[in-house]
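Q: Please take a close look at a single part of this chain and tell me what its surroundings are like. I am new to this, so explain each term as you go.

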Amino acid sequence: MTGEMSQVGAALLCLGAVVRLLGGRQHGMRRARLLLAGGGAVAAGPPAREQILRRLRRLRGRWGPEWWALVAGLVTGLLGASVIPVAAGAAGVPVLRRVRLARQARRARERRADSVIALCGVLAGEVRAGRQPGEALLRAARDSGGLGDAQAAVVAAARFGGDVPGALAAAARQAGAEGLLGLAACWRVAVDQGAGLASGLDRLEGALRAERDQRADLKAQLAGARATAVLLAALPVLGLLLGTAMGADPLRVLLHSGAGLGCLTAGAVFEAAGMWWAVRIVRGAEAV
């Protein structure tokens, strides 16, 4: 028996050596072709690895984290021998995608609001330094990026003597860029009545900064409520894990019995209603 194992091991070693030699030979031939075709220039680094990483990044950008709900449903369905978790996971994918997109939109709105504040500050500094309002707006827009997608229209209006307040008002329609309405009002007052643009921009920047700090303070106060809601939503999963650890097999009871299906349905309804109510309370507090 030992002799046979040693023969098998020797055969595997020989097979590995042959594969290594053939691979090295093919790599050498491929390198020679590249050298002859490219005039002596050979690309450094393994291109296959870069292609794999590029494909993984593309897949990660195309498939969001909400698809993990479907994966969890598939795993739970295999463990419980039922299609109900799979259907629940598939139904949770669009809900989680909507939550993710809403979170991304909220972050983009906050970044745009910060950019508008920075734009007001930079523009006030440029005007105070002695530059004309049009030139100052061009420099401030380039440095701060607070105009977002409408930057080209505002820059064109400022450069060629167009309707700058109108362009700013149009740019203020973007979520988070509402402060540009105040900038348009300051610009109109400064141009029509000759008032000081820098002082108006300073007051506008202070007001926008105070509003942002107030929102940040409210968000910090609501962080505890959000964490409590998430913890309460995760308690049923914790209960299933504890039941499985105790040997009670809760998946079989919930998925393969009438009483279990009734409890599962009622629990899902109450869970969804509780999450909806908690989200409504938090959004109502944020809107105040």
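A: Aspartate 249 is found in the loop between α9 and α10 (250–255); helices and strands here are DSSP runs, H or I over at least four residues for a helix and E over at least two for a strand, numbered from the N terminus. Residues are numbered from 1 along each chain as its sequence is written. This is a predicted model, in which local features need pLDDT of at least 70, side-chain atom pairs count only at pLDDT 80 or more, and totals for chains, interfaces and linings use all residues, while side-chain values use heavy atoms, with hydrogens and water left out.

Aspartate 249 has a positive phi of about 55°, although it is not a glycine. The residue is partly exposed, with a relative accessible area of 37%; buried means under 20% relative accessible area, exposed over 50%, and partly exposed in between, using a 1.4 Å probe and protein chains only.

Alanine 81 also is not a glycine, and has a positive phi of about 55°. Its place is in the loop between α3 and α4. Alanine 81 counts as exposed, because its relative accessible area is 59%.

The two helices joined by that loop are the next part to look at. Helix α3 (residues 68–80) and α4 pack with their axes 7 Å apart, at an angle of about 170° (axes are lines fitted to C-alpha atoms, for helices over the stretch in contact, and angles run from 0 to 180 degrees between N-to-C directions). So α3 is roughly antiparallel to α4, the word for angles over 145 degrees; under 35 counts as roughly parallel, 65 to 115 as roughly perpendicular, and the rest as oblique. On the α3 side, Ala69, Leu70, Gly73, Leu74, Thr76 and Gly77 take part, and they meet Pro85, Val86, Gly89, Ala90, Val93 and Leu96 in α4. By type, the residues of this contact divide into eight nonpolar, four polar and no charged (Ala, Val, Leu, Ile, Met, Phe, Trp, Tyr, Cys and Pro count as nonpolar, Asp, Glu, Lys and Arg as charged, and the others, Gly among them, as polar).

Proline 85 lies in helix α4. This proline is buried, as its relative accessible area is 11%. Leaving aside neighbours within four places in sequence, proline 85 is in contact with Gly73, Thr76, Gly77 and Leu255, where contact means heavy atoms within 4.5 Å. Proline 85 and valine 75 are ten residues apart in sequence, and their C-alpha atoms are 8.4 Å apart in space.

Glutamate 126 is another residue of helix α4. With a relative accessible area of 15%, glutamate 126 is buried. Not counting residues up to four places away in sequence, glutamate 126 touches Arg131, Ala136, Arg139 and Asp143.

Helix α9 holds arginine 212. Arginine 212 counts as partly exposed, at 25% relative accessibility. Neighbours within four places in sequence aside, its contacts are Asp114 and Ile117. Arginine 212 and alanine 113 are 99 residues apart in sequence, yet 8.1 Å apart in space from C-alpha to C-alpha.

Next comes the core. The largest nonpolar core has 34 residues, and those with the most contacts inside it are Leu123, Leu168, Leu180 and Leu183 (a nonpolar core is a set of buried Ala, Val, Leu, Ile, Met, Phe, Trp, Tyr and Cys residues joined through side-chain atoms within 4.5 Å). At least two residues of this core come from each of α4 (84–128), α5 (133–144), α6 (151–159), α7 (164–171), α8 (180–193) and α9 (197–245). Helix α4 gives the largest share, seven residues. Leucine 183 touches Leu119, Leu123, Leu168, Leu201 and Leu204, not counting residues up to four places away in sequence.

For the chain as a whole, there are eleven helices and zero strands. Buried residues make up 23% of its 288 residues. Among contacts with a separation of 6 or more, 52% are between residues 24 or more positions apart.

Last comes confidence. The chain averages a pLDDT of 78, and 77% of the residues score at least 70; pLDDT is the predictor's confidence in each residue, from 0 to 100. Over residues 1–15 the pLDDT is below 50, and this stretch has zero contacts in the model beyond near neighbours in sequence. Residues 17–29 likewise have a pLDDT below 50 and zero contacts beyond near neighbours in sequence. Where pLDDT is low, the predicted coordinates should not be read in detail.
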